[in-house]
Amino acid sequence: MKRILILMFSAAMLLTACHSRENEAIVKKSSSGKTQEMILAADRGLYTGATKELIDSIFRAPQEGLPQAEPRFSVVSIPVSSLENTQMFQMHRNIVLCDIKEGNPDKLYIHHDKWAEPQVVIDIAATSEASLCNLLRRYSDRIITELYATEYRRMANVFYRDRNVDLMKRVEKKFGFTLNVPQEFMMAKDDDGFVWLMKRTKDFDLNVLVHTEPYRDQNQFDAAKILNRLDTTMRRNVPGPAEGSYMGTERRIDIQNRVVDFEGVKYAVECRGLWRLFGDFMGGPFVSYTLLSPDGTQIVELIGFVYCPRFDKRDYLMQVDGICRSIKWPTVE
């Protein structure tokens with residue numbers, strides 16, 4: 001009997017321990033950090049000279065599609081020991097750890113939600129400063145993609161918690177997909193195959209345009225055709241305050257376009273550049289996504305644009321970018 005009781009007690013303790021570990025794995029604290037901010041954990045003396053120039057060229061390079069130069073990320077540099085010993089730093093959303101030790105494997109590791117959620121920890125385990133720089137050059141595109149992906153996850157969480165349920169239902173009823181639209185947004189225009197979502201304040205306007213049309217062939221994703229279609233959508237639906245003025249893309253400055261991975265869709269092209277009012281004096285940055293729907297029948301255009309003449313625009317553009325990136329079809333998990 002005594003042996004049976006001991007076995008039963010051991011089994012109960014094991015189940016309790018497993019349950020605790022499961023809860024610990026499932027329930028994580030929310031990550032911290034400002035929009036497009038990252039922590040660079042590097043020992044003293046590393047973030048100097050040529051290595052600092054390389055790091056800044058990756059993380060503090062000017063973000064594409066802004067009228068004035070703003071860095072991709074705001075970099076906060078701390079010692080490695082501060083990251084290892086301080087929970088406040090471990091809770092940050094974006095962490096790049098430059099770990100230089102003899103015997104390291106000279107590899108890059110990517111950890112998702114290690115201490116908080118959403119979070120990405122880029123662990124660069126190098127044997128020397130030279131090998132660290134080689135790894136940074138080799139994986140710079142992957143690292144930037146991971147950092148942006150975490151920003152989009154954070155935006156999706158924030159917007160969903162503060163979602164405008166009525167507006168989201170109107171979008172879903174009209175198009176068959178959902179967008180995480182924050183509470184402060186309103187419907188500025190609702191037309192055939194088109195909606196204009198807007199947040200207006202005394203200092204800035206945030207806007208998302210949604211346009212759909214039937215998919216015919218791959219030529220609809222040609223860069224020139226995308227820009228012409230964006231101009232047509234803007235001209236028809238976004239008039240300026242002056243009589244006869246209208247919105248369009250600013251072609252005097254290069255507009256960047258690239259094929260991107262986009263969850264739940266068959267194909268996606270991103271464009272970044274500037275918009276302007278023809279016949280008036282207004283403008284700002286925009287980001288657009290041209291998507292092929294999961295069933296392959298529709299082209300969906302999402303255009304996020306910002307009007308903010310007095311302040312920096314990077315973080316505001318990330319907000320409308322995050323709304324565009326939140327698109328989901330009910331049949332796609």
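What follows is a walk through the overall make-up, the aromatic and charged side chains, and a few backbone oddities of a predicted model.

Starting with the whole chain, the protein has 8 helices and 13 strands. Its C-alpha trace spans about 85 × 60 × 40 Å along the principal axes. Of the 333 residues, 48% count as buried. If contacts are taken between residues at least 6 apart in sequence, 61% of them join residues at least 24 apart. As for the surface, about 17,600 Å² is exposed, and carbon and sulfur atoms supply 51% of that area. Charge comes out even on the count: there are 45 positive and 45 negative side chains. The centres of these two sets lie 3 Å apart.

Turning to the aromatics, a search of the whole structure turns up 11 aromatic pairs. One of them brings together Tyr-148 and Tyr-152, with ring centres 6.5 Å apart and planes at 25°; planes under 30 degrees apart count as stacked, so this pair does too. The two tyrosines both belong to helix α5, which covers residues 129–161. They sit 4 residues apart there, which means that about one helical turn separates them. Both Tyr-148 and Tyr-152 are buried. The story does not stop at two rings, as ring pairs also bring in Phe-73, giving a cluster of Phe-73, Tyr-148 and Tyr-152.

Rings also meet charges in this model. The charged end of Arg-235 sits over the ring of Tyr-246, at 4.1 Å from the ring centre. Arg-276 does likewise with Phe-278: its charged end sits over that ring, 4.2 Å from the centre.

The backbone has some quirks of its own, and the loops on either side of β4 (107–112) are the place to look. In the loop between β3 (94–100) and β4, Asp-106 has a positive phi of about 55° despite not being a glycine. Asp-106 is partly exposed, with a relative accessible area of 31%. On the other side, the loop between β4 and β5 holds Asp-113, again a non-glycine residue with a positive phi of about 55°. Asp-113, however, has a relative accessible area of 14%; buried means under 20%, so Asp-113 falls in that class. The loop between β4 and β5 (120–126) is also where Pro-118 is found. The peptide bond leading from Glu-117 to Pro-118 is cis, and its omega is near -5°.

Terms used: Residues numbered from 1 in each chain as written. Predicted model: local features only at pLDDT ≥ 70, side-chain atom pairs only at ≥ 80, totals over all residues. Heavy atoms only, no water. Buried < 20%, exposed > 50% of the residue type's maximum accessible area, 1.4 Å probe, protein only. Contact = heavy atoms within 4.5 Å. Areas by Shrake-Rupley, 256 points an atom, 1.4 Å probe, with all protein chains shown as cover. Lys, Arg positive; Asp, Glu negative; His and termini not counted. Charge placed at Lys NZ, Arg CZ, Asp CG, Glu CD. Phe/Tyr/Trp six-rings, centres within 6.5 Å; stacked < 30°, edge-to-face > 60°. Lys NZ or Arg CZ within 6 Å of the ring centre and 35° of its normal.
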